[in-house]
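Welcome, and thanks for taking a look at this one with me. Below are a few points to guide a first reading.

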Amino acid sequence: MAKCCVCGKGVVFGNTVSHSHRKTNRAWKPNIRKVKVEENGTVKTVSICARCLRTMKKAQNA
């Protein structure tokens, strides 16, 4: 499932609006990456959005 396990960001639905103002369905999908994360000494594979991944990397380097 395309959902971030950290922030819960998921698919958002809306309309594509053409020049003639006809509307068709579309979806905005989050940038999800599968990453190995160490948690309490165990390595887990989790789905994380790119923004949370960037934030985690900044926290590790600080």
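1. A word on terms first: helices (H or I, at least four residues) and strands (E, at least two) are DSSP runs, numbered from the N terminus. By that count the chain has one helix and four strands. Please keep in mind that this is a predicted model.

2. Reading from the N terminus, you will meet the elements in the order β-β-β-β-α. The radius of gyration of the chain is 16 Å, well over the 11 Å that the globule rule gives for 62 residues, so the chain is more spread out than a compact globule. Along its principal axes, the C-alpha trace spans about 55 × 25 × 15 Å.

3. How much of the chain is buried? Of the 62 residues, 18% are buried. The chain exposes about 5400 Å², and carbon and sulfur atoms supply 51% of that area. As for contacts between residues at least 6 apart in sequence, 23% of them join residues at least 24 apart.

4. Now to a hairpin that is worth finding on screen. Strand E3 covers residues 32–39 and strand E4 covers residues 42–49; they pair in the antiparallel sense over eight bridges. One pairing to look for is that of Glu38, whose bridge partner in E4 is Val43.

5. Two residues sit between the strands of this hairpin, and Asn40 takes a positive phi there, near 55 degrees. Asn40 is a residue other than glycine, with that positive value, and lies in the loop between E3 and E4. With a relative accessible area of 79%, Asn40 is exposed, because exposed means over 50%.

6. Where else can you see a positive phi in a residue that is not a glycine? His21 has one, of about 70 degrees. You will find His21 in the loop between strand E1 (12–17) and strand E2 (23–28). At 54% relative accessibility, His21 counts as exposed.

7. Lys36 makes a good last stop, back in strand E3. Is Lys36 buried or exposed? Its relative accessible area is 66%, so Lys36 is exposed. Leaving out residues up to four places away in sequence, Lys36 touches Val43, Lys44 and Thr45. Val43 is also the bridge partner of Glu38 in E4. The C-alpha atoms of Lys36 and Lys58 are separated by 16 Å, and the two residues are 22 apart along the chain.

Key. Residues numbered from 1 in each chain as written. Predicted model: local features only at pLDDT ≥ 70, side-chain atom pairs only at ≥ 80, totals over all residues. Heavy atoms only, no water. Pairing = 2+ DSSP bridges. Buried < 20%, exposed > 50% of the residue type's maximum accessible area, 1.4 Å probe, protein only. Contact = heavy atoms within 4.5 Å. Rg over C-alpha atoms; globule rule 2.2 N^0.38 Å. Areas by Shrake-Rupley, 256 points an atom, 1.4 Å probe, with all protein chains shown as cover.
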